[in-house]
Amino acid sequence: MDNYTQKLINNNKNLKNKNMSKSSIEWTGSVWNPVVGCDKVSKGCKFCYAEVMAKRLKAMGNVRYPNGFQLTMHWDKIDEPRKWKKGKVIFVNSMSDLFHEDVPLEFIQKVFKTMNETPQHIYQILTKRSKRLADISHLLTWSDNIWMGVSVEDYLVMPRIDDLKKCGAQTKFISAEPLLGPLHNMDLSEIDWVIAGGESGFKARPIEKEWVLDIKEQCKTYDVAFFFKQWGGKNKKKAGNLLDGKKYEAYPIDKRFTKKSA
């Protein structure tokens with residue numbers, strides 16, 4: 001077994017110890033939503049799960065969703081991770097986009113300050129607004145516990161990868177979910193992780209096996225960790241996440257972990 005594969009195996013074990021089962025999202029452990037609500041910006045947003053969930057929570061009278069899926073900032077939740085002493089893997093704003101154009105820079109900086117000052121956690125941020133990410137990256141402090149990603153659902157939004165590379169995150173990743181088309185010839189240099197998955201739900205758009213296999217091979221070429229989340233469809237549990245009979249659930253190597261074990 002080569003050294004890179006062994007590092008991935010050791011790293012996966014390390015992350016699994018950080019309560020990776022708390023969230024229903026397979027590749028994270030917990031969620032933290034100082035911002036909720038969003039607006040559609042590309043094809044991947046068409047059947048947004050967060051929009052459906054937000055409307056449902058509003059109907060149930062949840063105090064965090066008085067505006068449904070309209071952008072809403074919860075200033076009182078900015079310090080929430082400080083209360084969690086045990087290290088977690090945290091998806092930041094699963095119900096929104098931290099780099100939404102209407103989220104003030106001051107708010108984003110405060111969120112980053114919390115992340116900077118809670119090194120026991122790993123934070124995963126995902127955005128479709130890659131241009132704003134690139135524009136304000138220099139105004140943010142990128143501690144090595146922050147993983148930054150962009151959504152790339154089809155070839156039309158592949159330029160988001162170039163924007164991602166301009167930011168100061170030490171760990172960078174791509175979420176190809178929902179995967180709506182082939183992503184040929186991606187430049188995965190400087191990228192640490194790729195998540196791929198099909199759309200789920202009654203109106204789920206189809207995914208092709210060839211698209212997934214191509215992404216897997218590109219990751220292999222660039223030594224990038226590959227995580228196949230799901231085939232999706234109307235019954236995602238039944239469809240599962242086996243690719244040619246195997247599960248692919250690798251995580252990027254935690255820079256702090258490798259430093260300590262070097």
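Just after helix H2 (residues 49-59), Gly61 takes a positive phi of about 85°. Helices here are DSSP runs of H or I with at least four residues, strands are runs of E with at least two, and both are numbered from the N terminus. The model is a predicted one, where local features need pLDDT of at least 70, side-chain atom pairs count only at pLDDT 80 or more, and totals for chains, interfaces and linings use all residues. Residues are numbered from 1 along each chain as its sequence is written, and side-chain values use heavy atoms, with hydrogens and water left out.

Back to H2 itself. Its buried residues are Ala50, Glu51, Ala54 and Leu57, where buried means under 20% relative accessible area, exposed over 50% and partly exposed in between (1.4 Å probe, protein chains only). Looking down the axis of H2, these buried residues fall within an arc of 130°, so they line one face of the helix; the arc is that of the directions from the helix axis to the C-beta atoms. The face turned away from that buried side carries the exposed residues Lys55, Arg56 and Ala59. The general background is that an α-helix has 3.6 residues a turn, so residues three or four places apart point the same way.

Helix H6 (residues 209-222) tells a similar kind of story. Its 14 residues reach 20 Å from first C-alpha to last, close to the 20 Å expected at 1.5 Å a residue (the expected span is 1.5 Å times one less than the number of residues). Trp211, Val212, Ile215, Lys216, Gln218 and Cys219 are buried in H6. Down the axis, the buried residues of H6 fall within an arc of 160°, so they line one face of the helix. Glu210, Lys220 and Thr221 are exposed on the other side. And what do the buried residues of H6 pack against? They pack against S7, S8 and strand S9 (225-230). After H6 comes Asp223, whose phi is positive, near 55°.

Ala196 gives a view from strand S8. Ala196 is buried, with a relative accessible area of 0%. Leaving aside neighbours within four places in sequence, Ala196 is in contact (heavy atoms within 4.5 Å) with Ala176, Ile215, Phe226, Phe227, Phe228, Lys229 and Gln230. The C-alpha atoms of Ala196 and Phe226 are separated by 7.9 Å, with their positions 30 residues apart along the chain.

Now the aromatics. A search of the whole structure finds 13 aromatic pairs. Rings of Phe, Tyr and Trp (its six-membered ring) pair if their centres lie within 6.5 Å; planes under 30 degrees apart count as stacked, over 60 as edge-to-face and the rest as tilted. Phe173 and Trp193 have ring centres 5.3 Å apart and planes at 50°, so the pair is tilted. This pair links distant parts of the chain, with Phe173 in strand S7 (residues 171-176) and Trp193 in strand S8 (residues 193-197), 20 residues apart. Both Phe173 and Trp193 are buried. Ring pairs link the two into a cluster with Trp27, Phe91, Trp147, Phe227 and Tyr251. Elsewhere, Lys88 lies over the face of Trp84, at 5.6 Å from the ring centre; a charge sits over a ring if NZ of Lys or CZ of Arg is within 6 Å of the ring centre and within 35 degrees of the ring normal.

The loop between S7 and S8 has some backbone oddities. Most residues other than glycine have a negative phi, and most peptide bonds are trans. Pro178 lies in this loop, and the peptide bond from Glu177 to Pro178 is cis, with omega near -5°. Two residues of the loop with positive phi are listed below.

| Residue | Phi | Relative accessibility |
|---|---|---|
| Asn185 | near 55° | 73%, exposed |
| Glu190 | near 75° | 53%, exposed |Both Asn185 and Glu190 sit in the loop between S7 and S8.

Zooming out, the chain has eight helices and nine strands. Buried residues make up 54% of its 262 residues. Among contacts with a separation of 6 or more, 73% come from residues 24 or more positions apart. The accessible surface comes to about 12,700 Å², of which 52% belongs to carbon and sulfur atoms; the areas come from the Shrake-Rupley method with a 1.4 Å probe, and for residues only the protein chains shown count as cover.
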